[in-house]
Amino acid sequence: VYRGIWGHNVHWAVILGWAFVTSIMFYSLFKTSCSNPGILYRQRTLPEAEEGQVEWRWNDQAQSYRPVNAKFDREVNAIVEEYDHTCPWLGTAIGRYNMASFKRFLLFMGFVVIYNIIILAFLS
């Protein structure tokens, strides 16, 4: 039993659980913000289409050809594969390669908020 939060007795498992959930949230935050969202190289000429490949279209903003499932992001100034949005809190685009860690970040952010509300409710 830890006696330190405003004089309340807190079991060590509560503190360990909070630290575990919070550390996974911060890991997911770091992984999302530091990983490549799926930025594609600019293609000035139309790439040769092979059997089963996606269609390519010209994008005036990027001055490049891009696959149909990619979008140009003005914030990042790049074409991002399976672009979803630009997250202002993470400072990066959310696309194909960082979408899983972004969803994990949101999930554990919710766990941390709920965990903190429960802890504060029991400590009051």
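## Exercises on strands, helices and cysteines

Ile39 stands opposite Val80 in S7. Let's work outwards from that pair. The model is predicted, so to speak of local features takes a pLDDT of at least 70, side-chain atom pairs count only at pLDDT 80 or more, and totals for chains, interfaces and linings use all residues. Residues are numbered from 1 along each chain as its sequence is written, and side-chain values use heavy atoms, with hydrogens and water left out.

**Exercise 1. Work out the order of the strands in the open sheet of three.**

Step 1: Get the names straight. Strands are DSSP runs of E with at least two residues, helices are runs of H or I with at least four, and both are numbered from the N terminus. Two strands pair if DSSP finds at least two bridges between them.

Step 2: Take S3 and S7. They pair over two bridges, in the antiparallel sense.

Step 3: Take S6 and S7 (residues 78-81). Four bridges join these antiparallel strands. Across them, Ala70 stands opposite Glu81, Lys71 has Val80 as its bridge partner, and Phe72 has Ile79.

Step 4: Put it together. The order is S3-S7-S6, with antiparallel pairing. S3 (39-40) and S6 (70-73) are the edge strands, each pairing on one side only.

**Exercise 2. Sort the side chains of S7 by the way they point.**

Step 1: Recall the general pattern. In a regular strand the side chains alternate between the two faces of the sheet.

Step 2: Apply it. Ala78 and Val80 point one way from S7, while Ile79 and Glu81 point the other way.

Step 3: Check burial, which means under 20% relative accessible area (over 50% is exposed, in between is partly exposed; 1.4 Å probe, protein chains only). Ala78, Val80, Ile79 and Glu81 are all buried.

**Exercise 3. Find where Asn77 and Gln63, with their positive phi values, sit.**

Step 1: Start with Asn77, in the loop between S6 and S7. Those two strands form a hairpin with four residues between them, and Asn77 in the turn has a positive phi of about 60°. At 48% relative accessibility, Asn77 is partly exposed.

Step 2: Move to Gln63, in the loop between S4 (56-59) and S5 (64-67). Gln63 has a phi near 55°, a positive value in a residue other than glycine. Its relative accessible area of 39% makes Gln63 partly exposed too.

**Exercise 4. Describe how helices H1 and H2 pack.**

Step 1: Read off the geometry. H1 (residues 12-34) and H2 (residues 99-123) pack at an angle of about 150°, with axes 8 Å apart. Axes here are lines fitted to C-alpha atoms, for helices over the stretch in contact, and angles run from 0 to 180 degrees between N-to-C directions.

Step 2: Name the arrangement. H1 is therefore roughly antiparallel to H2 (angles over 145 degrees; under 35 is roughly parallel, 65 to 115 roughly perpendicular, the rest oblique).

Step 3: Look at the make-up of the contact. By class, the contact of H1 with H2 has 16 nonpolar, six polar and two charged residues. Ala, Val, Leu, Ile, Met, Phe, Trp, Tyr, Cys and Pro count as nonpolar, Asp, Glu, Lys and Arg as charged, and the others, Gly among them, as polar.

**Exercise 5. Explain why Cys87 is not bonded to Cys34.**

Step 1: Set the cut-off. A disulfide is a pair of cysteine sulfur atoms within 2.5 Å, and the structure holds zero of them.

Step 2: Compare the distance. The closest cysteine sulfur to that of Cys87 is in Cys34, 13 Å away, so it is too far for a bond.

Step 3: Add the surroundings. Cys87 is buried at a relative accessible area of 6%, whereas Cys34 counts as exposed at 54%.
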